[in-house]
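The following exercises are to be worked through with the sequence and the coordinates at hand. Each task is followed by a solution in steps.

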Amino acid sequence: MSEHLVVIGADATGMSAASQARRRRGEDELRITAFDRGGFSSNSACGIPYWVGGEVAERDALIARTPQEHRSRGIDLRLRTEVTTIDLDRRRVRTRELDGGAEQWTGFDQLVIATGAEPVRPALPGFDAPGVHGVQTLDDGAALLASLERDCHRAVVVGGGYIGVEMAEAMVQRGLRVTVVHRSPEPMPTLDPDMGLLVRTAMEGIGIEVVPGAEALEVRLGPDGRPRAVVTSAGEYPADVVVLGLGVRPRTALARAAGLPLGDSGGLRTTPEMRVPGVDGVWAGGDCVEVLNLVSGRYQHIALGTHANKHGLVIGSNIGGDRASFPGVVGTAVSKVCSVEIARTGLGSREADAAGLRWESAVIESTSRAGYYPGAEPMTVKMLAERGSGRLLGTQIVGREGAAKRVDIAAVALTAGMTVDQVVSLDLGYAPPFSPVWDPVQVAARRLAPRVR
């Protein structure tokens, strides 16, 4: 008799898990049913700011695999169908069709929870009004574009993290006047403030008004019930559209109601195999889980498509009979604001302090190519290492073209537990069109090494 795999969530983790399990086990051995409350499957949420900004012309370019493609591979994919209850005792889920309201129970032998994350939306006046947009799904992106088709001239972005910065750029590219209000001293609070200042300077250079240390209090609405201004502790800023860039939180209300274990940030906790502990045959991955940070040794919530796809591969392989695990992350992320690239990996100073580590840092200026070679672009690199051991703890980079992906050198070094002396000795590729003779990451490591011995 065949097993039944039920998947909740038809994006990166859910459909990667379903597809990988299907490759390992045929339809006679494993039936697969996937539910998603949205209207799309296997799409790139990371590309939404570039679709909104016009750099990606078509929505469908962000869809990696259509529902029809999944169904042709033997996966019963049901969109616009919300899972409302997980009954672990009877091993079944209750669903409701959003078009028509029909409800039913579906039994499972294996269950994958891939419910993703949801934009943080403050419980403040006006933040639930039409024209105030979180940006997490293609449906969200379509709703924002519909708002922009109205008579929009001013946008206020609330929050200065990755999504806030990327959406501010998108609004500028659409010709709007943009204000970013955020609570932290500088935008990109996952960077140290001195590096965040470089990002703010770049944002202001393309005409974005950046208001630091501002607490949002209210979205003031016009007679039509849509935004007219955002009221903050630093003043009032006109707005025809408001975009939320306050980050996301794990979408785990369904799991919590089922009594599954959650971590400090509200994400599901899993084993390295992506099993939910204490319940046989229940798996979870993607933006609804917490992951182990290999540098700090702590669990945290990091919503990135790179992790989500890997989680799905691990889950599907294990359901399919192989043995796979996800060891953890080092916290690598890249972004950009127009021509300025932003990257970070490992721990910043606040995170190192929170982990109880004794550390030193170094900041250097360098270029993407040999300084004499045409097209050499500036970059700033900040590096942290542990006192005594010299262990690399983190790296942050802000610069022009060719800067951001250099963070991958540090990400590999962090994963390997390397010291800054070992980073200095790495045999990296060199030629004037690609790098100075000392790569900027190695220059930072050279500057830092004597301080931590």
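Two strands pair if DSSP finds at least two bridges between them. The model treated here is a predicted one.

**Exercise 1. The parallel sheet**

Determine the strand order of the open sheet of 5 strands, its edge strands, and the bridge partner of Val 180.

Solution.
Step 1. The order of this open sheet is β9-β16-β10-β11-β12, and its pairing is parallel.
Step 2. β9 (132-133) and β12 (209-211) are the edge strands, each of which pairs on one side only.
Step 3. Strand β11 (residues 177-181) runs parallel to β12 and is joined to it by 3 bridges.
Step 4. Val 180 has Val 210 in β12 as its bridge partner.
Step 5. Helix α5 (residues 162-173) packs on the sheet, where it touches β10 (154-158), β11 and β16 (241-244). The direction of α5 makes about 165 degrees with that of β11.

**Exercise 2. The antiparallel sheet of 3 strands**

Identify the strands at the edges of the open sheet of 3 strands, and explain why one side of each is left without a neighbour.

Solution.
Step 1. The strand order is β13-β14-β15, with antiparallel pairing.
Step 2. β13 (216-221) and β15 (235-238) each have a single partner strand, so one side of each lacks a neighbour in the sheet.
Step 3. From one strand to the next, the twist averages 20 degrees.
Step 4. Strand β14 (residues 227-232) is joined to β15 by 4 bridges, and the two run antiparallel. Within this pair, Ala 229 stands opposite Pro 238 in β15.

**Exercise 3. Two hairpins**

For the hairpin of β4 and β5 and the hairpin of β21 and β22, find the residue that has a positive phi.

Solution.
Step 1. Strand β4 (residues 81-87) and strand β5 (residues 92-97) are antiparallel, with 6 bridges between them. Thr 85 is found opposite Arg 94 in β5.
Step 2. This hairpin has 4 residues between its strands, and Arg 91 takes a positive phi near 50 degrees. Arg 91 is a residue other than glycine.
Step 3. Arg 91 lies in the loop between β4 and β5. Its relative accessibility is 25%, so Arg 91 counts as partly exposed.
Step 4. Strand β21 (residues 333-337) and β22 pair in the antiparallel sense through 5 bridges. Val 337 has Val 340 as its bridge partner in β22.
Step 5. The hairpin of β21 and β22 leaves 2 residues between the strands, and Cys 338 in the turn has a positive phi of about 50 degrees. Cys 338, too, is a residue other than glycine.
Step 6. At 24% relative accessibility, Cys 338 is classed as partly exposed, because the value falls between the limits of 20% and 50%.

**Exercise 4. The surroundings of Thr 395**

Is Thr 395 buried or exposed, and which residues does it touch beyond four places in sequence?

Solution.
Step 1. Thr 395 belongs to strand β25 (residues 392-399).
Step 2. Thr 395 has 0% relative accessibility and therefore counts as buried.
Step 3. Beyond four places in sequence, Thr 395 touches Ala 343, Arg 344, Thr 345, Val 381, Lys 382, Met 383, Val 407 and Ala 410.
Step 4. Leu 347 is 48 residues from Thr 395 in sequence, while the C-alpha to C-alpha distance is 7.5 Å.
Step 5. β22 and β25 pair in the antiparallel sense over 6 bridges. Gly 346 stands opposite Gly 394 in β25.
Step 6. Strand β22 (residues 340-346) is mostly covered, with 7 of its 7 residues buried.

**Exercise 5. A buried loop residue**

State where Thr 252 is placed, and classify its accessibility.

Solution.
Step 1. Thr 252 is in the loop between β17 (248-250) and α7 (253-257).
Step 2. Its relative accessibility is 3%, so Thr 252 counts as buried.
Step 3. Apart from neighbours within four places in sequence, Thr 252 is in contact with Leu 262, Gly 266, Gly 267, Leu 268 and Cys 288.

**Exercise 6. Aromatic rings**

How many aromatic pairs are found in the whole structure, and which rings have an arginine over the face?

Solution.
Step 1. The search of the whole structure gives 0 aromatic pairs.
Step 2. Arg 92 lies over the face of Trp 105, 3.7 Å from the ring centre.
Step 3. Arg 269 lies over the face of Tyr 299, 4.3 Å from the ring centre.

Conventions
Residues numbered from 1 in each chain as written. Predicted model: local features only at pLDDT ≥ 70, side-chain atom pairs only at ≥ 80, totals over all residues. Heavy atoms only, no water. Buried < 20%, exposed > 50% of the residue type's maximum accessible area, 1.4 Å probe, protein only. Contact = heavy atoms within 4.5 Å. Phe/Tyr/Trp six-rings, centres within 6.5 Å; stacked < 30°, edge-to-face > 60°. Lys NZ or Arg CZ within 6 Å of the ring centre and 35° of its normal. Axes fitted to C-alpha atoms, helices over the stretch in contact; angles between N-to-C directions.
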